[in-house]
Amino acid sequence: MTFRATVLTLYPEMFPGPLGLSLAGRALAAGGWSLETVQIRDFANDRHRSVDDTPAGGGAGLVMRADVLARAIDHAAPGGDTRPRLLMSPRGTPLRQKHVRDLAAAPGLLIVCGRFEGIDQRVIDRRGLEEMSIGDFVLSGGEPAALALLDAVVRLLPGVMGNVESGRDESFENGLLEHPHYTRPQMFEGEAIPDVLVSGDHARVAAWRRSEAERLTAQRRPDLLSAHRAGSAGKNSRSKA
Ligand code: SAH
């Protein structure tokens, strides 16, 4: 079954954008996944086709209307559509590789892109939208977040990534950041490739990569390292039991 992505947006022209190129683009053209956009404005029914209004309670900015967005969602995902429904939102669950894996195993995704100050809370609640954030910063709209999320998901779909191996010891997959990479030329501006990598000794290479991954993770993401250590300690004690 083909993974089916539907994106609800005020800017459908932003799609497929970067997802039309490279790995994701080739898979899209080959039918390995599909992407449909829904123009939220098509579901406005007043003379001005308005999709937003002033915030209840006052204050700056505009809020996307619940009724218009709900009609767009109901059109895009009628009853029986079991795909997860996401709302890109800086308030959401921070996106992690484990979520990306789960989402890639789903039949597809419905993604709502917010604009302005955000969207009326009632449509989030009543349409069961799961809020997802791509980081602790504020974008002007959900579209770049949706593109980032879809990129991460699509590369995990069967057949999309040429080399399956290359997904294995990547950053986050084993709780660590990835080790550094080197390739030709052997000498670059007076700096050689580390000896161990040209030694041909696979066990030493693996040990070096492992210790470099741990060193980088300790230096840059101590939060990941403690979770990783807690995780492997848990596994060891379980296997002994
Ligand atoms: N007033 C909101 C920000 C609105 S930004 C607040 O302070 O929380 C406008 C839209 O951009 C949001 O509705 C959301 O869809 C998108 N967006 C902004 N930052 C994002 C992030 N870090 N992750 C995912 N979506 C984001």
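User: What is the relative accessible area of Phe-172?

Analyst: This is a predicted model, where local features need pLDDT of at least 70, side-chain atom pairs count only at pLDDT 80 or more, and totals for chains, interfaces and linings use all residues. Residues are numbered from 1 along each chain as its sequence is written, and side-chain values use heavy atoms, leaving out hydrogens and water. Buried means under 20% relative accessible area, exposed over 50% and partly exposed in between (1.4 Å probe, protein chains only). Phe-172 is partly exposed because its relative accessible area is 43%.

User: What is the phi of Phe-172?

Analyst: Phe-172 is in the loop between H5 and S8, where helices (H or I, at least four residues) and strands (E, at least two) are DSSP runs numbered from the N terminus. Most residues other than glycine have a negative phi. Phe-172 is not a glycine, yet its phi is positive, at about 80°.

User: Which residue of helix H1 has a positive phi although it is not a glycine?

Analyst: The phi of this residue is about 55°. Its place is in helix H1, and the residue is Ser-22.

User: Which residue is joined to Pro-16 by a cis peptide bond?

Analyst: Pro-16 lies in the loop between S1 and H1. The bond that joins Pro-16 to its partner has an omega of about -5°, and that partner is Phe-15.

User: What is omega for the peptide bond from Arg-184 to Pro-185?

Analyst: Pro-185 is in the loop between H5 and strand S8 (187–188). The bond from Arg-184 to Pro-185 is cis, with omega near 5°.

User: Which residues have pLDDT under 50?

Analyst: pLDDT is the predictor's confidence in each residue, from 0 to 100. The chain has a mean of 94, with 94% of its residues at 70 or more. Where pLDDT is low, the predicted coordinates should not be read in detail. The stretch under 50 has zero contacts (heavy atoms within 4.5 Å) beyond four places in sequence, and covers residues 237–241.

User: Which element gives the most residues to the largest nonpolar core?

Analyst: A nonpolar core is a set of buried Ala, Val, Leu, Ile, Met, Phe, Trp, Tyr and Cys residues joined through side-chain atoms within 4.5 Å. The largest has 28 residues, of which Trp-33, Leu-109 and Leu-149 touch the most other members. At least two residues each come from S1, helix H1 (22–29), S5, helix H3 (97–104), S6 and H5. With eight residues, the element that gives the most to this core is H5.

User: How many residues are in the other core, which includes Leu-10 and Phe-43?

Analyst: Beyond four places in sequence, the contacts of Trp-33 in the largest core include Phe-3, Leu-28 and Val-154. The other core lies apart from the largest one; Val-68 and Val-112 are also among its members, and its residues number 23.

User: Which helix do the buried residues of H2 pack against?

Analyst: The buried residues of helix H2 (residues 66–76) are Ala-66, Val-68, Leu-69, Ala-70, Ala-72, Ile-73 and Ala-76. They pack against strands S1 (3–9), S2 (33–39), S4 (63–64), S5 (85–94) and S6 (108–113), and against helix H4 (121–126).

User: Is His-99 buried or exposed?

Analyst: His-99 is found in helix H3. Not counting residues up to four places away in sequence, His-99 touches Thr-93, Pro-94 and Met-132. Because its relative accessible area is 16%, His-99 is buried.

User: How far apart are the closest N and O atoms of Arg-4 and Glu-36?

Analyst: A salt bridge is a side-chain nitrogen of Lys or Arg within 4 Å of a carboxyl oxygen of Asp or Glu, and the count comes to 14. Arg-4 and Glu-36 form one of them, with their closest N and O atoms 3.9 Å apart.

User: How many residues apart are Arg-4 and Glu-36?

Analyst: Arg-4 counts as partly exposed at 36% relative accessibility, and Glu-36 does at 34%. The pair links distant parts of the chain, strand S1 for Arg-4 and strand S2 for Glu-36, and the separation is 32 residues.

User: Which helix holds both Arg-210 and Glu-214?

Analyst: Arg-210 and Glu-214 form a salt bridge, with the closest N and O atoms 3.5 Å apart. An α-helix has 3.6 residues a turn, so residues three or four places apart point the same way. Arg-210 and Glu-214 are four residues apart, about one turn, in helix H6 (residues 202–220).
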